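Thanks, everyone. Please pull up the structure on your screens, and I'll walk you through a few parts of it.

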Amino acid sequence: LAVAPVTGPPSSVDGFVREFLNNLNYEQGVALSSSSPNDRYLALAYTVRDYLMARWLEDQRRQREVQAKGVCYLSAEYLLGRQLDNNLLAARLTDIATEAMAACGIDIDDLRQLEVEPGLGNGGLGRLAACFIDSLATMSVPSTGYGLRYEYGIFRQTFVDGEQIEQPDAWLTLGSPWEFPHPEAAQTIGFGGYTEKYDDEGVARSRWVPGWTVQAVPYNYMVPGYHNGRVNTLRLWSAVASSAFDLRIFNAGDYAEAVRAQTFAENISKVLYPEDSTPQGKELRLQQQYFFVAASIHDFLEHSLSPDFDLANLPDRVIFQLNDTHPVIAVPELMRVLVDEKGMKWDAAWAITQQCFAYTCHTLLPEALEMWSVDLLGRLLPRHLEIIYRINDEFLAAVRERFGDDEMRIRNMSIIADFPERSVRMAFLATVAGAKVNGVAELHSQLLREKVLPDFDEFYPGKFTNVTNGVTPRRFVRLANPGLASLITEALGAGWTVDLERLRGLEAFAEDPEFRAKFAEVKAANKRRLSDVLRTRDGFEVSDGHMLDVMVKRLHEYKRQMLKVLHIVTLYEGIASGRVAAADVQPRTFIFGAKAAPGYVMAKRIIHLINAVGSVVNADPRVEGRLQVLFPPNYNVTLAERVIPAADLSEQISLAGKEASGTGNMKFALSGALTIGTDDGANVEIRQLVGDDNFFLFGMTEPEVEALWAKGYKPSDFYQADEGLRRAIDLIASGAFSGGDRSTFEPIVSNLLYDDRFMVLADYASYIAAQARVDAAYADQDAWTRSSILNVARSGFFSSDRSIRDYIDRIWHTPPVL
Ligand code: 26Y
């Protein structure tokens, strides 16, 4: 029997109980009475899985049979979050499972808490990939997500004396019920070695003779669509040594040496790189990148195409979407397969390749564009380097033809950079190879064309486009904010979860006092839920009646957590100095969540400072509890799902021109938080949609930033000119937050005063003024709630379903297969 019969969701609680007990007995080997919480969690997960299985098998069969064009999303990161709730929701099993567990004397909530989320990503880019595969499944688009199955995901963050300590994230220890290993479908991936020319019946050809190989073993994950009976696949690769340990050496007693090769190979998928911006030239990272894209391309060609498929038609069957530069080594790999392995002519192969790739850029920081040294590439992937050189030669010849021998321009456009080290600019390679190149918000796409890749935009008219990011309403509204979800359904009826523009219908309700009261009650309940979580998780007490002012995102200087710190210190200094009565301060709780890259010293110092300011402010009786700073460690998707629905104010305060898009900003707006933000990334579009009255704009615009740099930026001038700023910085410098020790935070202070690359001081006054507007607005609770409802009503555009529709229309041309 090739395909299991399609069964619908179980109609009875009894049926679910039976399946659950079966799984407990036959998979876990325990009786209900003797089962541990983890046994129960696993058995529940297996039961949910079983109900999705028939659909999954059916969709796998159909994807092979229909031969429609599909998307292979290539991403080094997927920040999935917990799976249980999402899969229950997609399969319409939430109520049945809850009752079934209750019938067994189990509180399903207790089991939910046991799941360790797969943290296989750093931040926005990885979470975006997770939202996109959810939307692709929900919209019935044939697609596969490809990536890496890191044995250790993003590090677990703890604080010791306020400083970040990283711990390995052993997410697989207690079992991983959502994955299906397929060792029989392993791919052999080569590395190193040399290339050689040979004569193939009169035709001169090249081939690669790798020096060593690794096995890539796929693990499949279900990606269920929401209420549409679809289940797509996420396929993550794990590295296994091609030959196990050396028995001869082992028997001779040198155990470490016997497993050396094995350890070396298996290191490839051992751990996620926690850097999320600067591409440090890590050999292992290049190995990871090549490992997963080579395995994915071969997997697609072998398993998705019929044996007699004519590869000339490949663009009719697949688009490989490159999620940033991390998978760009796929370009020379496809060329190598087509030319060296399939015997295709170079020009034909290049024409195909150029139609099969598209590239999404997620940054504007020039230092964040990946470059690989020619030396390293030549050692690790010698044939790929040759192919890149040829692509570059032909590309530059075409540029010469078009623009003449403009050597400056040629040097600026070359895929190979000569300084400071001969290296390959992966973003340029992706731009030359991609059918389309997109940025992730309107402003970002515009700056990408005008500032980062202007020569390419001129050379390739029509290649550049925009797809503004989005977030999945399933996880971030339905699951994370059930109170709001019910209220919306009550007001608008069902259907909005897959058609988020319908939220517009809430605009009318914003004028209804009764609806406003209900909406405010949902927000209050979300705050209580958050408060419960923070109490059990971290021992924090969230005070009643406070505005929740939230800044959660990776710690980066460009995101400007320091600006938020200066605001808090300013408020505190006013009270501590006696100039402001505590009673006159709007009660606020400031919540931070942020991980810093382990090697990013300044970012870690800022984390230390936030914790230090929190300790002092929270403990000072003069504050009368009206200001509170909470920094729960280890911010992740699970915590985000509690924090975001509870927030009143969303902090999106990057220096204009630095944040490509942001996606947290969208999640907050959809949860009814008002944004205080700069004109940056997707903030621009959020403000346009929700309206100026419902958004607190501050700071310089991107052209103003440019102008200030051009004129010569001296941060100390701003320090001298602004008394409030001076007092805040002086208080930090005085050691007030470091037990009198002036040296602890001195590097932060001097960085602000004498360098300040992200113009914190230049935007300080404007930020403080905007915060005063926030206070004034919050004083009128009913008006605030109205704005909050309008934020929800007008943010439907930010569904990742809309992003995916844009990708389909502008880039992929892969219609849904219904
Ligand atoms: C290769 C390594 C150094 C690296 C690893 C991770 C480089 C970058 C990253 C991650 C980047 C990232 O998360 N970028 C964010 O992508 C989001 C989704 O498009 C944007 O919303 C956000 O503005 C951008 O910073």
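**A helix pair, a covered helix and a C-terminal contact**

Let's begin with a crossing: H20 passes H22 in a right-handed crossing. Before I go on, note that this is a predicted model.

Where are these two? H20 covers residues 482-492, and H22 covers residues 513-538. Their axes lie 9 Å apart. The packing angle is about 160 degrees. That is over 145, so H20 and H22 are roughly antiparallel to each other.

Now, which residues meet? From H20 we have Gly-483, Leu-484, Leu-487 and Ala-491. On the H22 side they meet Phe-515, Lys-518, Phe-519, Val-522, Ala-525 and Asn-526. By character, the residues of this contact split into seven nonpolar, two polar and one charged.

Step back to the whole chain. There are 34 helices and 25 strands. The radius of gyration is 27 Å. For 818 residues, the globule rule gives 28 Å. Those two values are close, so the chain is as compact as a globular protein of that length. If you want dimensions, the C-alpha trace spans about 90 × 75 × 65 Å along its principal axes.

How much of the chain is buried? Of the 818 residues, 48% count as buried. And the contacts? Take those with a separation of 6 or more: 76% of them join residues 24 or more positions apart.

Next, a helix that is mostly covered. H25 runs over residues 637-646, and nine of its 10 residues are buried. Which ones? Start with Val-637, Thr-638, Leu-639, Ala-640 and Glu-641. Then come Val-643, Ile-644, Pro-645 and Ala-646. Glu-641 is worth clicking on: this residue is among the buried ones.

Last stop: His-813. You'll find His-813 in the segment after helix H34, which covers 800-812. Is His-813 buried, exposed or partly exposed? Count the C-beta neighbours inside 10 Å. There are 13, so His-813 counts as partly exposed. Buried would take 20 or more, and exposed would be 12 or fewer.

What does His-813 touch? Leaving out residues up to four places away in sequence, the contacts are Lys-69 and Ile-808. Look at Gly-70 too. In sequence, His-813 and Gly-70 are 743 residues apart. In space, C-alpha to C-alpha, they are 8.9 Å apart.

That's the tour. Happy to go back to any view.

Notes: Residues are numbered from 1 along each chain as its sequence is written. This is a predicted model: local features need pLDDT of at least 70, side-chain atom pairs count only at pLDDT 80 or more; totals for chains, interfaces and linings use all residues. Helices (H or I, at least four residues) and strands (E, at least two) are DSSP runs, numbered from the N terminus. The radius of gyration is taken over C-alpha atoms; the globule rule is 2.2 Å times the number of residues to the power 0.38. Two residues are in contact if their C-beta atoms, placed from the backbone, lie within 7 Å. Axes are lines fitted to C-alpha atoms, for helices over the stretch in contact, and angles run from 0 to 180 degrees between N-to-C directions. Angles under 35 degrees count as roughly parallel, over 145 as roughly antiparallel, 65 to 115 as roughly perpendicular and the rest as oblique. A crossing is left-handed if the near helix is turned anticlockwise from the far one by less than a right angle, and right-handed if clockwise. Ala, Val, Leu, Ile, Met, Phe, Trp, Tyr, Cys and Pro count as nonpolar, Asp, Glu, Lys and Arg as charged, and the others, Gly among them, as polar.
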